[in-house]
Amino acid sequence: MAIDEAAANKEPGVITIISYKNAFRLKPLDMQAQAKAGAAFLGENLPPLQDNIVHYPGQFIALVVAETYEQARAAAYKIKVRYTLEKAAVDLQAELPNSKKPKMFMGEEAQVNDGKAAAPLAASAQKVDHKYSTPAEHHHPMEPHATVAVWEGTDKLKLYDATQGVGLTSSIAAYFFGLKPENVNVVAPFVGGGFGSKGLWLHTLIVAMAAKAAGRPVKLALTRQMMQTNVGHRAATIQRVALGTDAGGKLSVMRHHTDTYNNLTQFFEPSGKQSLVLYQAPLREVTYNVAHLDRSTPTFMRAPGETPGTFALESAMDEMAYQLKIDPVEFRIMNHTAKDPMKGHDFSSEFLLDCYRTGAERFGWSSRSMEPRQKRNGKYLVGYGMATATYPGGRSAASVKVLMNSKGDVTVMTASIDIGTGTYTVLAQTAADALGIPVDRIDVKIGDSSLPPAPLAGGSQTTASIHPAALDACVLLRKELTTMAVADPDSKLNGRNPEEIGFAEGKLFLKGDEQKNDTYLNILRRAKRNEIEACATTLPVSGAGLTVPSALCTPSQTPPEQNSDIKQYAFHSFGAQFAEVWVDEDFGTIRVKRFTSVQDVGRIMNEKTARSQVIGGVIFGIGAALMEATDYDKRWGNPVTRTLADYHVPVHLDVPPIDVHFIGKPDPHISPIGARGIGEIGITGVSAAIANAVFNATGKRLRDLPLTPEKFFD
């Protein structure tokens, strides 16, 4: 590729044009060094504008900085680019002969029991063995990716960014620009959706390079078309699932193989994850082939792995149940496991059987007919389907600082993110409960990398990570107030044993004699303290692989709390999804008429925000089941579904009544809070439940997503 910017530079308002010819030389890519710097989660392994090689259609090759957006666009059209054409690898099937078998994924073995399932499958009394496919999909948050970069001198950088992790973005920017971590401040108080796409992508580095070259702040907002090519997507998969059972329906073997692709990253769609967790079977084989395609780089997308993987596994489970003439719910119950099949550990808290039974009752599953085509409503065939949901219960290191001033107002501070999940609300609730003060006296400050570090909002780990630290910080603050009161001769609690002292309504009191009390404000006033603060750090409990830099809290303030249960228990959430569909046999259209989702995710911190998360996940799953797909030009590999007019997502009339129910029993081993994440489990199993319902309605098994009308007539 060669670029000629001469004409563009003459356009009105142009300040500078950045390309490979003059771009700031970023620190070379070094995965080990990045990991040590806490900067391992770069969206793709391609430092931007460092050479003239184009790896995929839509790759950034230059940036025009001008006084106005319109002037920048006008000048961009004047840039002349010459390319040397090479044959592109754009078709997954065609490139599979050149695919590789990755050894590891996120620190875990990728190829599990490779080749060992063939003999037990051949010996099984009953077996199913089918292929299932899922297309490429894009995240499409309503808020596009955008960044404002401001340099303060030559060595301090401030980024206002739409990111799911301010600490992560700060670490990556510091690494590539060779800056001290404390000299990169990232601010993102609100994020309008992410679903995995708003990690660190190349445009954030490019706008920082442009601001450095221009000597002034620069703003960059991606177009909807750029969000097809430059901020990741879920890669297509071709999955083959085989199940074997004995004559009575007990699973004897499970095999789950995935063909997929990547480009410029080590990440690939891990569609076999749930097949290592669900059901009791003596042997399970999970394997991957990963091809290289010259498409934009795949990345994490809501429940990566489990979303396409549960479609394949749970469809196969339904096919086996039908072959055995066993009710699909009962088939899952008879093959249920209370232990992690691979590790042999008990699950930390597991109520999947309750999810099945509660969901079946709330949905009215008992009225379902085993044989297809037994229910009608006018011209529509009506079917019921169900599937299991699962997602890991992750938790990473986090620090939280709590400050109380002399007016009784409390500020909770941590570098977490609210991507619409309710982090502001639930953090305030946690602090209010732990201190015994009203929620309206709590101010939550998040979304700033200068605050105590917290993990990125991904992997459904925010609640499980930051709230134990918030609780510990509040406990430390209460203990200091108690120590001050006990030592104060003017306090009614003077000389008392701290173990005898309780708290409520902004005061400490003697248990059994609440007349002997002391308010927080009076304790601070007498001590002549304008404020009091405490900071706490909690450490990871699971192998989610998502951690944060070292905590800001010093050991003198709090000893980091390490959950010893990590080696004794496996941490997962579970659920059951039930769908009713109506199928128009003449046109092949499928409508989801109602949906029931029952989830076991530990303690529910806020019923409203939790329910909203599951509803959103179910809607996401309806889109994946019935309409979502990114289509690519088969010559060059560029996406042709480039807007929300082309890439279809559910709208109001596509969304049925969604009944959400939580088991709500705290997980006693993940943390003192007892809560696991909710953000991603809601989508898992949804597309399988819908596909299984379509089979129950019509007798036709559809194994390729999305379930569009033309596939009904194939």
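# Why these labels? Strands, cysteines and Asn185

Four bridges join strand β21 to strand β22 (residues 507–510), and the two run antiparallel. This is a predicted model.

User: What makes β21 and β22 a pair of strands?

Analyst: Pairing takes at least two bridges between the strands. β21 and β22 are joined by four bridges, so they count as paired. One of the partnerships links Ala504 to Lys507 in β22.

User: Which sheet do they belong to, and what makes β21 an edge strand?

Analyst: They lie in an open sheet of three strands, ordered β21-β22-β23 with antiparallel pairing. β21 (501–504) pairs on one side only, and so does β23 (513–519), which is why both are called edge strands. On average, neighbouring strands in this sheet are turned by 35° against each other, direction ignored.

User: Happy with that. How do you know that β2 and β3 pair as well?

Analyst: The same kind of check works here: at least two bridges are needed, and five bridges join β2 to β3 (residues 62–66), so the two are paired. Their direction is antiparallel. Ser19, for instance, has Ala62 in β3 as its bridge partner.

User: Why is β2 described as mostly covered?

Analyst: Because five of the six residues in β2 (residues 14–19) are buried, each having under 20% relative accessible area.

User: Let's turn to the cysteines. How do you know that Cys474 is in no disulfide?

Analyst: A disulfide needs two cysteine sulfur atoms within 2.5 Å. For Cys474, the nearest cysteine sulfur is that of Cys535, and it is 11 Å away, so the cut-off is not met. By this rule the model's disulfide count comes to zero.

User: And why are Cys355 and Cys474 called buried?

Analyst: The limit for buried is under 20%. Cys355 has a relative accessible area of 0%, and Cys474 also has 0%, so both are buried.

User: What makes Asn185 buried?

Analyst: Asn185, found in strand β10 (residues 184–187), has 17% relative accessibility. That value is under 20%, so Asn185 counts as buried.

User: Why is the link between Asn185 and Asp448 called a polar contact?

Analyst: The two side chains meet at 2.8 Å, and the limit for such a pair of N or O atoms is within 3.5 Å, so the distance qualifies.

User: Which other residues does Asn185 touch?

Analyst: Leaving aside neighbours within four places in sequence, Asn185 is in contact with Leu157, Lys158, Leu159, Ser449 and Ser450, as well as Asp448.

Note on methods:
Residues numbered from 1 in each chain as written. Predicted model: local features only at pLDDT ≥ 70, side-chain atom pairs only at ≥ 80, totals over all residues. Heavy atoms only, no water. Buried < 20%, exposed > 50% of the residue type's maximum accessible area, 1.4 Å probe, protein only. Axes fitted to C-alpha atoms, helices over the stretch in contact; angles between N-to-C directions. Polar contact = N/O pair within 3.5 Å; in protein donor to acceptor, adjacent residues only side chain to side chain. Contact = heavy atoms within 4.5 Å.
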